[in-house]
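Me: I am new to this structure and would like a friendly walk through it. Could we look at it together?

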Amino acid sequence: MFKIDPSRLDVAREFKAKPFGEHSPELQYVLNYMRTRVTPDFHVLVMTEPGKRWVLAHMPTGGGVPRMTNQSFDKLEDAEWHVFKLRWKDITGQDLPID
Amino acid sequence: MTKIMGYADRLSLQPGETVGIMASCIGADRFRAEIVRLLNPNAGMGASEYREVAIETPANATYKAREQKIHAGSFGVVPEKWALRGIESFTLQAYVWPTTPKKGARALMGNWAEPGTGFGLALDDKGAAEIRIGGFRLSSGVPMLERRWYLVAASFDAKSGQVKLWQEPIYDKTFHAERPVAVEGKAKASVADKGAPFLFAAWRAGESKTPTGWGRLLTKGHFNGRIDRPRLARIALDRAQIQALASGMLPSGVEEKVLGVWDFSKDISGERITDLSPNRLDGEVVNLPTRASPGHNWTGAEMNWTKAPEQYGAIHFHDDDISDAKWQPDFSFTVPKDATSGFYAAKLVADEAYFYVPFFVRPTRGTVKAKIAFLASTATYTVYANNRSRFVRMLTELYQGRLSMMDNVDILQFEFPEMGVSTYDRHTDGSGVSISSRLRPVTNWKPHGRLWNYCCDLFIVDWLEHTGLGYDVITDHDLHAEGQDLLRPYNVVITGSHPEYWSLEMLDALDGYQRQGGRHMYMGGNGFYWRIAFHPTNPNIIEVRRSEDGVRAWDARVGEYYHQFTGEYGGLWRRQGRAPQVPTGVGFISQGFDACSYYRRTDQSRDPRVAFMFEGVTDEILGDFGVLQGGAAGLEIDCADFSLGTPPHALVVAKSENHSNTYILVAEEINIGHGALDAVQNAAIHADLTFFETPSGGAVFSTGSIAYAGSLPINGFDNNIAKLTTNVLKRFVDDKPFPMPR
């Protein structure tokens, strides 16, 4: 069964450079792993200005009112990278040493 | 925090007609309403600056705010009748199939009411069968299992106080340790409730000051699951008599004591429930539970309820069914005589909260002047109304390849879950939602938020406005009701970004239009995919049975493939001899939601038959830009397939390429799973920009991509997608017939 190798910083860098679009098989495995975990809640974005601003929120799995965070983004790519880093830390126990 | 929401009592109006707007507002004393015509989506970067035109009308005013509640949960009800009066001893019995027996106490049948009057059969808080007589309760003590049939019966002899309760599993092919349970007790209770309606799947909980699903009756204890062959007698029957009654016979010697012999296999398409007894304790179902459900005696040999209705005598009730919120109008709007056809909305604003209540204005019948009609996909919008599932699980992010996104209006459905969900969801008991009504607040028909369906179609409206060619807006609902006659005045009919759901009537109308020379521009992806059935008398309500195949939010259980509203087989049109490739040349091949791509011109684009299309278009790459994830080809995409009905003379003038890993081959194309199902590895995944002529001088142009619409406004409509599409529109408007190629 696939597990994320915390030493594969190249995969993380690939995601940071291109969060949307074609990914390498290694990166796609990492993303699939992150996105198939069963967790009490998961991250979503709440759009506060159409096409311009998004606030990170926690959505209870199965439904419920999302809990907003103080983190907001004006680029979707930045939001994806922020959540990727949070999940990387959560899964591997290690901070991603990439800004 | 202030909340506001609403809905309209009508969907499509002609000038001079009036629509009522219902609103509910919490947290403010007043709200402001303004009638607007929508010209484009509020899409942010790359899109046209958002425009909505205020319509001059007395309806634009400030109104007193009030809260209007929604009473969800389906049930059956028999109005109070003479036969139901004076009951002292009784027997209640039914076959039941509970789906959430662990979810707390639920009603099965009876006239029991809170806090403790009348009599009824129920599930106790552990899911065991229970009899209730006033404040008295006796339980079987054995919780029932999910999705198993039981015969549940209870009797009460008023003279002796003897109470008996049976809970007996019905034989099926599964292995289990269940055994029949029979318990007895003594009750000093009295039925003592005269003149009450008799309910199935709910108990009475008082009266509302405002209309509810049935009069002003408030209900609670909504049962999740199926009820089949319920019976009522004004005597305590013994077990043999109960069996006779359950089997469809009357118990000899006490037949006159039988009050109700309900047969839910009658009138399946409607709301009526039928009592076969001389008492005619007929009633109705409220909030549209699922009918045409296999009953306790379904053998599996017959899938079509119209062929063996006696095996489809179950009604599946859900505690979240909702067919009509029954709100009262707060104001009305009469469409001005000179109104322009288009997408309209009542924009409701209270403090920082806002909500768009959509409706459409079509031209007056018989006075059509425009040559172009945009067919708003109102059937599809209805089917998607309050799509909740996409927000509540990470699966959405998995298949979309990006974080799920919502806005404050989407969040309303989590704050007010009673507004119900869409046919992309499951009920609270896990069964698929097959019925959707628009007679309730809908959070995803709006010009903002996710650029999808209604919102995405506004890109096409924006482009049509830009062309200045003049157009009307008509709706799926009009097409279903009026057929080909609706389309006949127009040279061109444009279908939207995602016209996915079609009734037979709609499809036949479009087919007839195309055969008689009508031109069709299909400006989207994954269109003409699912068969739907409109409610027989209420077109605001649509049913979809997700049978057998396709990319499905849920799959219909075996035996539930036929629509209850019409008896028509549900599922993909592709499985019914009318694949999307027949009317449009293309059909669904893949979906992905992380990034969109572009088309590359093909050699066939040099064919003189399509020279008109490429006048002024010199690029080989088309649509490598767009508001929708950066490209014209993507989200849901279609390709030609000559084996499925693409006309042999069709030209594929451009093909998309370079789609991402999230684009997976659709389920109906996969017989054997393998590891090369994504677009990076599978060349079958692409969109085809397709053109073909039809006999009688018509033609069809198909983009095969939802994202296409989002590329139109880029650079102020000065781009190769807008140019090519406008070329097509101008040629399609021209009366000059298209010759069929030889």
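**Charges, folds and surfaces**

Reply: Let's start with chain B: the mean positions of its 78 positive and 86 negative charges lie 4 Å apart. Lys and Arg count as positive, Asp and Glu as negative, with His and the chain ends not counted; each charge is placed at NZ of Lys, CZ of Arg, CG of Asp or CD of Glu. This is a predicted model, where local features need pLDDT of at least 70, side-chain atom pairs count only at pLDDT 80 or more, and totals for chains, interfaces and linings use all residues. Residues are numbered from 1 along each chain as its sequence is written, chains are lettered from A and ligands numbered from 1 in the order written, and side-chain values use heavy atoms, leaving out hydrogens and water.

Me: In what pattern do the helices and strands of chain A follow along the sequence?

Reply: Helices (H or I, at least four residues) and strands (E, at least two) are DSSP runs, numbered from the N terminus. Chain A has three helices and three strands. Read in order, they give α-α-β-β-β-α.

Me: How many strands are there in chain B?

Reply: The helices of chain B number nine. Beside them, the count of strands is 45.

Me: What share of the 742 residues in chain B is buried?

Reply: Buried means under 20% relative accessible area, with a 1.4 Å probe and protein chains only. For chain A, 41% of the 99 residues count as buried. For chain B, the share is 66%.

How values were computed:
Buried < 20%, exposed > 50% of the residue type's maximum accessible area, 1.4 Å probe, protein only.
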